[in-house]
Amino acid sequence: MEKNILFAQSGGPTQVINASCYGIIKEARKYDMKIYAARYGVEGILSENIIEITDIDDDSLEILRFSPSAAFGSCRHKLKDDEFEKVLKVFLKHDIGYFLYIGGNDSMDTANRFSEYVAKNGYDIKVIGIPKTIDNDLLNTHFCPGYGSAAKYIATSVREMDFDANVYEKNIITIVEVMGRDSGFLAAASALARDESVESPHLIYLPEIPFDEEEFLQEVSDVYQERGKVLIAASEGLKDEQGNYIFLREKKVDKFGNIQMGGVGKYLESIVKENIAHRVKTIEFSVLQRCAAHILSKTDNDVAAMVGSAGVRYALEGCTDVMVSIMKNNDSFSTSTTPLKDVALEVKTFPREWIDEKNRWVTKEAIDYITPLIQGEVKPIFKDGLPKYLRFI
């Protein structure tokens, strides 16, 4: 009999994070082991708030796969040195030999530190990181599950807003604030909105390029004078030449020291109203871009399930202290592994060579990278006219 397996979710949720849980459960069922899930990430492990999920029925498992958010709960908890022993005691009590942690770069740091702790103390517990983040900012993987679906939502919403903005003959400037603290992948995805009927967005502002207020106002003014209507996609993480965020609603940080973002759209709106035009509308996608499961990418969901399954296989093969990474092979994807220490706390930024700084746009290479990640549609299971979702908290 194999030792038991435990998985947990961490950080901000995505449209497809539960697909990774689906992949873990589906694969682990092939072996003689119990499957446990922690509620609320490592915080749930610390409080022994874990549930056995081995016997989940097939119908519920299928609903779980297409449910948004983190069905088992999440957290943003940075494990303290004196908490590793508490986690280990829970593992030993439930005979956990395999731990899969689904999350971003902060979560990979937690997994790396715990893996080093158990190895140092002579315990055989395999620790695997499962990539997840809409920001797409993990190193050593072609993309991060969650990004494709968020990109699809952003591009679709911008396209639909373009139609709305053109209903009236009156001029209007629309500012769309997109998530992305240090990486511009999400804002760049708005470029996919353009087609033969849609010219939006007209300008895209990414955190990789220092923000200059005078340049911004001139560029918006030029488009406004030429077209009368302007749609701007702006990352929440825009910074000035000194690396300071151009606007912070609240100067707070989370337990990992990450600044809590928000308010860029309203800041841009205020300077546009003061200098260019008064008819300005600001839309902040906020959590919608990470929970809109009704328009998720099938490719994204399939790969999220794939990395969950692969994580189980790698653990049973003896791998530990690694993250499952994604490789692109022509029109398909496969998995490999990368050391957790090479991913933990690191940030992958949007490639500078993919940025058309002169036109505040992105290059064809960027479009060619993003487009395959948004392919395919999934119809959720509906009940009484609404999608049916599942959670365990």
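## Exercises on a buried helix and two cavities

Eleven of the twelve residues of helix 1 are buried, so this helix is largely enclosed by the rest of the structure. The model is a predicted one, and the exercises below start from that helix.

**Exercise 1.** Work out which residues of helix 1 are buried and what covers them.

*Solution.* Start with the extent of the helix: residues 17-28 span 17 Å from first C-alpha to last, close to the 16 Å expected. Next, apply the cut-off for burial, under 20% relative accessible area. The residues that meet it are I17, N18, A19, S20, C21, Y22, G23, I24, I25, E27 and A28. Finally, look at the surroundings: the cover includes strand 1 (4-9), strand 2 (35-38), strand 4 (96-103) and strand 5 (126-131), along with helix 3 (58-65) and helix 11 (298-316).

**Exercise 2.** Find the largest cavity and describe its lining.

*Solution.* First, search the whole structure, which yields three cavities of 30 Å³ or more. The largest has a volume of about 80 Å³. Then list its lining: 13 residues, with I204, Y205, L206, I209 and R360 nearest the centre. Strand 7 (203-205) and strand 12 (355-356) each give two or more residues to this lining. Last, sort by class: nine nonpolar, no polar and four charged residues.

**Exercise 3.** Which element gives the largest share of the lining of the second largest cavity?

*Solution.* This cavity holds about 40 Å³ of space. Its lining includes D162, H202 and K229. Helix 6 (147-165), strand 6 (172-178) and strand 8 (229-235) each supply two or more lining residues. Strand 8 has the largest share, with three residues. By class, the lining has four nonpolar, four polar and two charged residues.

Technical notes
Residues are numbered from 1 along each chain as its sequence is written. This is a predicted model: local features need pLDDT of at least 70, side-chain atom pairs count only at pLDDT 80 or more; totals for chains, interfaces and linings use all residues. Side-chain values use heavy atoms; hydrogens and water are left out. Helices (H or I, at least four residues) and strands (E, at least two) are DSSP runs, numbered from the N terminus. The expected span of a helix is 1.5 Å times one less than its number of residues. Buried means under 20% relative accessible area, exposed over 50%, partly exposed in between (1.4 Å probe, protein chains only). Contact means heavy atoms within 4.5 Å. On a 1 Å grid over the protein atoms alone, a cavity is a set of points where a 1.4 Å probe fits but cannot get out, and a pocket is an open set with protein on both sides within 12 Å along at least five of seven lines; lining residues have an atom within 4 Å of a point. Grid points are joined across faces, edges and corners, and a volume is the space filled by probe spheres set on the points. Ala, Val, Leu, Ile, Met, Phe, Trp, Tyr, Cys and Pro count as nonpolar, Asp, Glu, Lys and Arg as charged, and the others, Gly among them, as polar.
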